[in-house]
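I opened the notebook to record what I looked up, one topic at a time. The entries follow in the order I made them.

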Amino acid sequence: MERRFLRFVGKLWETGEFEPGIGWETERVARRPRAEDGLTLQLLSGDGDVLVEAGVEVRTPLCRSGERREMRGQRLVSYLPLHADGRTVVLLRDGRAVHRVDLPQAAPRIRITSHDVDKTGRVHLRWDATHDRTLWFDVVFTDGEHRSVSVARELTEHEATVDTANLPGGLGCSVTVLATDGLRSSLARSAPFDLPEQPPRLTISMPKDGDVVAAGQPISLLGHSHEVGGRALSDDHLVWLIDGAPVARGRRMAPAGPLAPGAHRVELAFAPNGETVARIGVTLRVAGHTPEYEAWRAISASLTRNETSAIPPSEPTAPASYRSETAPRP
């Protein structure tokens, strides 16, 4: 048997009750769990011998309402190496078994019977699956660059519709369905299909829509571009525009202004090869001298003139060339 692991999950409450979750088989463990003292997961043979043993990690604290009081618990995760002679999985706390489950000897069987892509880009899937236990299904979308996105979890039906509007497109996409009984699992992948490329996603962090700035004040432009899958895109194709006129290129952050009083439209565009494929914008207002402000300035100037006219004039200053007769001669 190839090296595989059982991803074992569940909830352990303070009363000792254990609620098993829905795990699956995996070929790789991305990160070794941090084992909690006192918790152990074992795989036993048919004779009760311990074949393999693994630590158990405690993750999210839990709380639920019981009949009389709230109970606290912990979410558990462990990766148990799968052994060909394994028959029983046992969870122990301080050496005492709190959960025991028989391990199926065969994994589920699953095959995708149809997958159709409609005009809107949605993928309609159907599959057949057989097993001697209840099955749940997870659906994962994979693009042509082998990036995967989980799109559905713990389904019980044998069909699903995947909306790809917010997923990476391109050539060679596929959908994978995982069938699991909570421990053993199998995968089925659709034939490859093509989807339209999704335009990049743009955001403007500064300025915010509706911001008001003072007349004569410069502004800072800050924006970002990323693909639907979340990967940041190069700044080389970014273009900043104010009122339709380009003011900066190839920069996510740029200075602008000062602008004339009034409303202005600030836009960020993504334009590879000079062709705009995405564009967003915000509106800001530059405060001007309103009629009320001009009236206040006139009144203020009038008061200032009246106050300064009441101040007696100072003595005139004699020209520098004038010398008093009483002044001592050099």
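**Entry 1: the three-strand sheet**

I began at leucine 125, whose bridge partner in S14 is alanine 160. The model is predicted, so I read each position as a prediction. I then looked at the strands around this pair. S11 and S14 run antiparallel and are joined by four bridges. They belong to an open sheet of three strands, ordered S10-S11-S14, with antiparallel pairing. Which strands stand at the edges? I found S10 and S14 there. Each has a single partner strand, so one side of each is left without a neighbour in the sheet. From one strand to the next, the twist averages 20°.

**Entry 2: the nonpolar cores**

Leucine 125 came up again when I turned to the largest nonpolar core. That core has 22 residues. Which of them touch the most other members? I noted Ile110, Leu125, Trp127, Phe137, Val139 and Val177. I also checked which strands supply the core. Strands S10 (109-117), S11 (123-130), S12 (136-142), S13 (148-155), S14 (159-162), S15 (170-180) and S17 (193-195) each give at least two residues. Another core lies apart from this one. It has 19 residues, including Ile219, Val266, Leu268 and Val282.

I then listed the contacts of phenylalanine 137, leaving out neighbours within four places in sequence. Among them are Ile110, Trp127 and Val177. The list also holds Ala129, Leu155, Leu178 and Ala179. Charged residues appear too: I noted Arg153, Glu154 and Glu157. Thr156 and His158 complete my notes on phenylalanine 137.

**Entry 3: the five-strand sheet**

Next I looked up an open sheet of five strands. The order is S19-S25-S24-S21-S22, and the pairing is mixed. Strand S19 (212-214) and strand S22 (245-249) are the edge strands. Each has a single partner, so one side of each lacks a neighbour in the sheet. Direction ignored, neighbouring strands here are turned by 30° against each other on average.

I followed S24 (residues 262-270) to its partners. With S21 (residues 238-242), S24 pairs in the antiparallel sense over five bridges. With S25 (residues 278-287), S24 also runs antiparallel, and nine bridges join the two. Which residue of S24 is the bridge partner of leucine 241? I found glutamate 267. Glutamate 267 also stands opposite glycine 281 in S25. One place on, leucine 268 stands opposite isoleucine 280 in S25. Leucine 268 is also among the residues of the 19-residue core.

**Entry 4: alanine 271**

I stayed in this region and checked the loop between S24 and S25, where alanine 271 lies. Is alanine 271 buried or exposed? Its relative accessibility is 14%, so it counts as buried. Not counting residues up to four places away in sequence, alanine 271 touches His237, Val239 and Thr276. I also took a distance to glycine 250. The two are 21 residues apart in sequence, and their C-alpha atoms are 9.9 Å apart.

**Entry 5: salt bridges around arginine 4**

I counted salt bridges next and got 14. Arg4, Glu25, Glu27 and Arg184 are linked in one network. Glutamate 25 bridges to arginine 4, with the closest N and O atoms 2.8 Å apart. This pair links distant parts of the chain: glutamate 25 sits in strand S3, and arginine 4 in the segment before strand S1 (5-13). Glutamate 25 is buried at 6% relative accessibility. Arginine 4 is buried too, at 16%.

Glutamate 27 also bridges to arginine 4, with closest N and O atoms at 3.5 Å. Glutamate 27 lies in the loop between S3 and strand S4 (39-44), so the pair ties together parts 23 residues apart in sequence. With 45% relative accessible area, glutamate 27 is partly exposed.

**Entry 6: threonine 26**

Threonine 26 was my next stop, in strand S3 (residues 24-26). Its relative accessible area is 17%, so I marked threonine 26 as buried. Which backbone oxygen does its side chain reach? I found that of arginine 28, at 2.9 Å. Beyond four places in sequence, threonine 26 contacts Arg4, Phe5 and Tyr79.

**Entry 7: one more salt bridge**

I closed with aspartate 118 and arginine 122, whose closest N and O atoms are 3.3 Å apart in their salt bridge. Aspartate 118 is partly exposed at 24%, and arginine 122 is partly exposed at 37%.

Methods:
Residues numbered from 1 in each chain as written. Predicted model: local features only at pLDDT ≥ 70, side-chain atom pairs only at ≥ 80, totals over all residues. Heavy atoms only, no water. Buried < 20%, exposed > 50% of the residue type's maximum accessible area, 1.4 Å probe, protein only. Polar contact = N/O pair within 3.5 Å; in protein donor to acceptor, adjacent residues only side chain to side chain. Contact = heavy atoms within 4.5 Å. Core = buried A, V, L, I, M, F, W, Y, C linked by side-chain atoms within 4.5 Å. Pairing = 2+ DSSP bridges. Axes fitted to C-alpha atoms, helices over the stretch in contact; angles between N-to-C directions. Salt bridge = Lys/Arg side-chain N within 4 Å of Asp/Glu carboxyl O.
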